[in-house]
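Please look at the structure shown here, with attention to one helix, to the chain that holds it and to the contact between chains. The paragraphs below take these in turn.

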Amino acid sequence: MPAYKITVNGEVKTLEVEPDMPLLWALRDVLGLVGTKFGCGIAQCGACTVHVNGNAVRSCSVRVADVVGQSIITIEGLAQGQQLHVLQQAWIDEDVAQCGYCQAGQIMSAAALLAREDNPTDEDIDNAMAGNYCRCGTYNRIRSAIHSAAKMRTATFYNAATEELV
Amino acid sequence: MSDLIESVKAAVSQHKVNRRGFLKLTGIAGSGFIIASIAPLIMAEENLGTLVGSAELNAFVEISSDGTITIYSSNPEMGQGIKTALPMIIAEEMGAKWEDVKVLQSSVDATRFGPQQAGGSTTVPRTFDQMRRMGASAREMLRSAGSEAMEVSRDELKVAESKVTHTTGKFLTFGQLAALAIRQKVPDEDSLMFKAREDYTIIGTSVSGVDNMMISTGLALFGIDTRVPEMLYACYQKCPAIGGKVVKANIDEIRKLPGVVDAFVLDGNDDPRQLLDGVAIVGTSTWAAFSARNSLEVQWDESSASKDSWSGLVERATQLHGTRGKELVIDKGDVKEAYANPENTTLEAFYEYPFVSHFTMEPMNCTAHYRKGSDASNDSLELWLPTQGPARGYQIAKSMFGLEEDQVTIHMMRMGGSFGRRVYFEYIAEAIAISKQVNKPVKLTWSREDDLHHDFYRSGGFQSVKGSVDKQGRLIAFEDHFMGMNYDGRPVSGSRFPDTEFPILNVKNAHASKTFFDIKTPCGPWRAPGSNTTAFVVQSFLDELSHAAGRDYLEFLLEIMGERRWFEEGNVRSLNTGRAADVIKLAAKEAGWGKSMPKGSGLGLAFYFSHAGHIAEVAEVSVDKNRHLTVHKVTVAVDVGPIINMSGATSQVEGAVIDGLSTMMAQKITMEAGRIQQDNFHNYEVLRIPDSPRVDVHFIQSDFGPTGLGEPALPPLAPAVGNAIFAATGHRVRKMPLSEQGYTI
């Protein structure tokens, strides 16, 4: 079996897998990174979203062979050590999840959006997040969590009296 | 004080080596449940650091010397928020600070935890008092410990904020008292007092879900995330025509494919709830199994398989429009007299709704490890189950594999959605059978196509309705011919039309009858079974009648509710017209009912009572000339009694509205020649974030006991939107999904 070198969450990994194995299954079954979820297998639900060189990509529809030498970030690699990504914190603060299954993919799509838009509009959110389905219907909280994460990141002052970021 | 801490430490270490076995301390009459102070037998989660040296006050509550309060959540979590809500009830009663609480999923053990299932929005009402008893019992043991340690009377102690405080201000924390508390007498159930609602500090607040950190960081949590040493991966191919049997398959070829460990035919027992015939492929990864399946060729014997046809059902039902069913539900007053009266206005209509799929985001899966012993009596089985009823794993193991309960270990796993799907267990039986065959732990994962082709669907159906309003515009007669489905001679889940269906109890003349069509397509409960379709029919048709009478639907509906009464006093499953009127008025007020709307826009109101929840919704929509629909806002008023977790409850309502809209918009399962014709997201469309309406939720926290909220907010959505479309356009929606009538969103 061929061996492929990819960088996952900053670590170089050598994968001995069939050339057509989708990145999703290499992450889940070979590397044990089960935070990336299987939902449809045809890039329609977004549950398997990861970052490839900073772009949100459906890992079910990208082969391991296609991402050799590239940098993959999964939900497990989004936090900086003990420091949660602002989106992860916002997801907890806003109690976004119901079943929670799609949320890793939602957060990864949102993180790619925040990386290019400091202060995304509702329309930016619609465009970036339309590929991520949530069966429980948590869309409104997803939207507000993205807005609050953007605010959290750019906030320079925390007003303890009003509990507001200014 | 330091002496005390030392003695507590000593007791903790003593306790550590002397973990008690089964010590049933007191029975709770009536519920069949026992407050058992016993050590956890199976740890469902690995991170048990804080449990070292901990003290169990009862099966649900442990306190560590560091002050961590571990509360076991005993019921399955599928997104309904029970893993957070039930521990909140315990924490409230015991006087804990929520920040000190850590929640772990309990083991599966009905003796210790009582019935462990979730479904029918029953968990909160069923367990509310049980959780309160667990909390109150722990609280009183802590109070006794405080009394002993401080040498003061129990009456002089207050238990709150994770500490026991004397009237002088002197206090000891729960952590300090942990070891002493377990030595206290477990209080008699009858002596337990519950906190008054006005004293609540946790119940009714907004608490973020206890698994949110794990969810947001991608830690293994769901059934499908299970990984055990030496685990293999499997898929299972069943006949596309439901119930077909394997004649032969190219398994020798499949076995040679890369990554395939084994492939074999499983002989089923023809029961879709247990094990249907199929071909299992076991590989070194899910992909190896899925990929090999592309080369699988199976010859099926479809002689006993489903031949169901949706178009055939539509044809038969359409012919029955305007007739009555053979099975009478109720004949009250004289509807015919009302129809015959020329002063009355009489309408007839035919409504249709399709089969739909549960379509959970986490496909069906199960990890099973069947270990063969020296003989069958030494066999053992370990299961990782994402299911609404984990104890059913024991029943399957017994009935299908001959294993006794003590040979089986079950881990209750979080579900990535269920909506009623995971009350069935065939994916569990499949995983066990496959693991037994290969004698290795196996994770069975269904593809999305498996999931859509082999669901226990929400039954489709038809209702032929008729009704009259008198010359004053009052509802005078209502009639419904319900057409549902029979499977194996019995109505499927949701195919019901009870004689208490609204507005039968409220109207003078009513007639209801039923017809059933035999099908072989498995059906099952789907979020608010029966209610989710009948609400659409009845609330849309009553809106039709109100328009025919030239009445405002708000006023018309309130008039039908009539005087404030509870049809069956004391039965929360019975409609209370007072509670109904209150939520209807509140939703209307908050939505601005009666305000003038621009052309092409409209408001639609609907009410439905199900699962003990009284819920009214007003949809605000606009529709353009190409039937492009925008649902701007849905205003919801809910009375399910006191709310446990405000955030979770609001979330359930928001989700139900969006789920309801997603379903009515474009979802439809059809079958021809027994084959389900939808495969995946490309031909089973779902609502996405850009089309998600604003949801404005209002609670009436009445003094009735708390009831569940996983389901009842869904049924009113479809008629509210349908009625709003009528208000906006004059087009009456009598058929779902909307996409088939040219609507887009």
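In this predicted model, a good place to begin is α8(B), a helix that is mostly covered, with 7 of its 8 residues buried. The buried residues are T286(B), W287(B), A288(B), A289(B), S291(B), A292(B) and R293(B). The cover over them includes elements of both chains. Chain A contributes α1 (23-30). From chain B come β10 (232-238), α7 (251-255), β12 (260-266), β13 (278-283) and β20 (441-445).

The next topic is the contact between the chains. Here 50 residues of chain B are in contact with 50 residues of chain A. On the side of chain B that touches chain A, the elements giving two or more residues are α6 (212-217), α8 (286-293), α17 (646-666) and β30 (694-699) of chain B. The most comes from α17(B), which gives 7 residues to that side. Sorted by class, this side of chain B has 20 nonpolar, 21 polar and 9 charged residues.

Chain B as a whole has 18 helices and 30 strands. Its radius of gyration is 28 Å, close to the 27 Å that the globule rule gives for 745 residues, so chain B is as compact as a globular protein of that length. Along the principal axes, the C-alpha atoms of chain B fill a box of roughly 90 × 75 × 45 Å. Of the 745 residues in chain B, 57% are buried. Among contacts in chain B with a separation of 6 or more, 77% join residues 24 or more positions apart.

Notes: Residues are numbered from 1 along each chain as its sequence is written. Chains are lettered from A and ligands numbered from 1 in the order in which they are written. This is a predicted model: local features need pLDDT of at least 70, side-chain atom pairs count only at pLDDT 80 or more; totals for chains, interfaces and linings use all residues. Two residues are in contact if their C-beta atoms, placed from the backbone, lie within 7 Å. Helices (H or I, at least four residues) and strands (E, at least two) are DSSP runs, numbered from the N terminus. Ala, Val, Leu, Ile, Met, Phe, Trp, Tyr, Cys and Pro count as nonpolar, Asp, Glu, Lys and Arg as charged, and the others, Gly among them, as polar. A residue is buried if 20 or more other C-beta atoms lie within 10 Å of its own, exposed if 12 or fewer, and partly exposed in between; C-beta atoms are placed from the backbone. The radius of gyration is taken over C-alpha atoms; the globule rule is 2.2 Å times the number of residues to the power 0.38.
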